[in-house]
Amino acid sequence: MAYRVTLIPGDGVGPEITDAARRVVDATSVSIEWEVVEAGASQIEKYGTPLPDTVLQSIRKNKTALKGPLTTPVGKGFRSVNVSLRQQLDLYACVRPAKSLPGLATPFKDVDLIIVRENTEDLYAGIEHRVGRDAAESIKIITRQACERIVQFAFDLARREGRKKVTAVHKANIMKYTDGLFLETARSVAERNQDIEFEDMIVDAMAMKLVQTPQNYDVLVMPNLYGDILSDLAAGLVGGLGVAPGANIGDEVAVFEPVHGSAPKYTGQNKVNPLATILSAVMMLRHLGASEAADKIMRAVIAVLEEGSSVTYDLGGKAKTSEMADAIIQKMK
Ligand code: NAD
């Protein structure tokens with residue numbers, strides 16, 4: 001059976017890493033019809049928007065997408081296309097696993113946690129404005145409905161993956177109304193999911209504990225901003241942004257993408273690590289039910305990492321993006 005998947009190459013290094021991931025997926029026995037659609041800064045001239053309707057239509061139709069990173073101007077210009085995509089498609093759960101891989105020089109060898117980040121509200125609702133010349137205000141939106149569904153999603157994920165504990169991360173000591181509502185809701189969802197252990201932790205303490213004893217954590221669920229920050233921290237524990245995959249999941253559709261951004265300074269150099277995107281594609285294959293193909297890619301990835309001679313600069317090697325993908329494909333033969 002052929003799956004139809006929307007492919008968004010994206011900005012910066014996006015086209016290079018999505019091409020690598022596509023070639024790796026195509027080298028499995030799974031049959032995928034890729035529908036390539038363009039989004040991002042590069043599309044503004046052509047379509048007048050970084051997120052043309054054709055992109056949303058394609059994802060809604062195919063239900064599954066693999067996406068390269070998209071550039072967002074800092075402090076000015078258009079709003080994040082990533083945030084807008086997640087909001088418009090109601091991709092409310094951002095799932096970012098951090099798992100130790102063999103052959104990498106990392107401080108720990110046994111990290112295996114999943115960050116579940118609420119993807120649609122919090123300070124990312126984008127409701128902010130200047131107040132006169134010298135002040136600005138941003139509104140943090142937290143709703144019971146969004147908290148309920150993200151925490152329940154975390155428990156369901158924990159159960160599906162045979163995990164033992166869910167940790168809710170917050171700052172309810174200071175933001176008593178917004179994070180207070182998140183924590184209150186998380187506790188009541190935990191009451192209904194007593195087969196899985198539950199605890200809560202303040203976000204600053206969580207950052208320290210993740211650096212000291214990441215092995216103690218399993219599934220972590222949190223509002224949008226903390227999830228954005230802690231998932232980069234977690235990526236740093238297992239080899240960096242070059243190896244950190246992610247998924248944005250809603251009830252209808254799912255978009256898989258690396259945690260990292262468009263790394264503009266490396267554009268066109270065939271230099272960055274394609275693994276974060278390849279591992280995102282592995283998550284996508286599991287989501288589609290193609291677990292044999294996913295396992296096959298994982299075995300090849302592990303063989304390449306253990307050998308260590310065909311890895312990119314960030315993992316201490318000299319291989320180009322395309323060469324690392326070729327090495328993985330070679331191991332799959
Ligand atoms: P970035 O993740 O693009 O890059 C930061 C640094 O991490 C790079 O300079 C590089 O040293 C390293 N890095 C990132 N990806 C790597 C890879 N695959 N292999 C090896 N090293 C890698 O972050 P940034 O520079 O802060 O952001 C650049 C742009 O990307 C911004 O416009 C930002 O808004 C956007 N962004 C997009 C997404 C997304 O599309 N989901 C996510 C984060 C950032």
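A polar contact is a pair of N or O atoms within 3.5 Å. The legends below apply this cut-off to a predicted model.

**View 1. Polar contacts of the ligand with histidine 260 and asparagine 82.** A polar atom in the side chain of histidine 260 is placed 3.1 Å from a ligand nitrogen. At asparagine 82, an N or O atom of the side chain lies 3.0 Å from an oxygen atom of the ligand.

**View 2. Backbone contact at asparagine 273 and cover of the ligand.** Here a ligand nitrogen is 3.0 Å from a backbone N or O atom of asparagine 273. Of the 820 Å² of accessible area that the ligand has on its own, the protein covers 71%.

**View 3. The residue shell around the ligand.** The ligand is surrounded by 22 residues. Leu70, Thr72, Gly261, Ala263 and Asn273 are the closest of them. By class, the shell comprises nine nonpolar, eight polar and five charged residues.

**View 4. Domain 1 and domain 2.** Domain 1 is assembled from two segments, 1–94 and 241–333, whereas domain 2 spans 107–237. Taken over C-alpha atoms, the centres of domain 1 and domain 2 are 24 Å apart.

**View 5. The interface between domain 1 and domain 2.** Contact involves 14 residues of domain 1 and 14 residues of domain 2. Between them, the two domains bury about 1300 Å², with 53% of this area on carbon and sulfur atoms. On the domain 1 side, the residues that lose the most area to domain 2 are Gln87, Tyr92 and Cys94, which together account for 45% of what that side buries.

**View 6. The salt bridge between arginine 149 and aspartate 90.** The side chains of these residues meet with an N to O distance of 2.8 Å. The count of salt bridges between domain 1 and domain 2 is one. Polar contacts between domain 1 and domain 2 number seven residue pairs, with both residues at pLDDT 80 or more.

Technical notes. Residues numbered from 1 in each chain as written. Predicted model: local features only at pLDDT ≥ 70, side-chain atom pairs only at ≥ 80, totals over all residues. Heavy atoms only, no water. Near = heavy atom within 4 Å. Polar contact = N/O pair within 3.5 Å; in protein donor to acceptor, adjacent residues only side chain to side chain. Areas by Shrake-Rupley, 256 points an atom, 1.4 Å probe, with all protein chains shown as cover. Nonpolar A, V, L, I, M, F, W, Y, C, P; charged D, E, K, R; others polar. Domains from an automatic or database assignment. Contact = heavy atoms within 4.5 Å. Buried area = accessible area lost by both parts, 1.4 Å probe. Salt bridge = Lys/Arg side-chain N within 4 Å of Asp/Glu carboxyl O.
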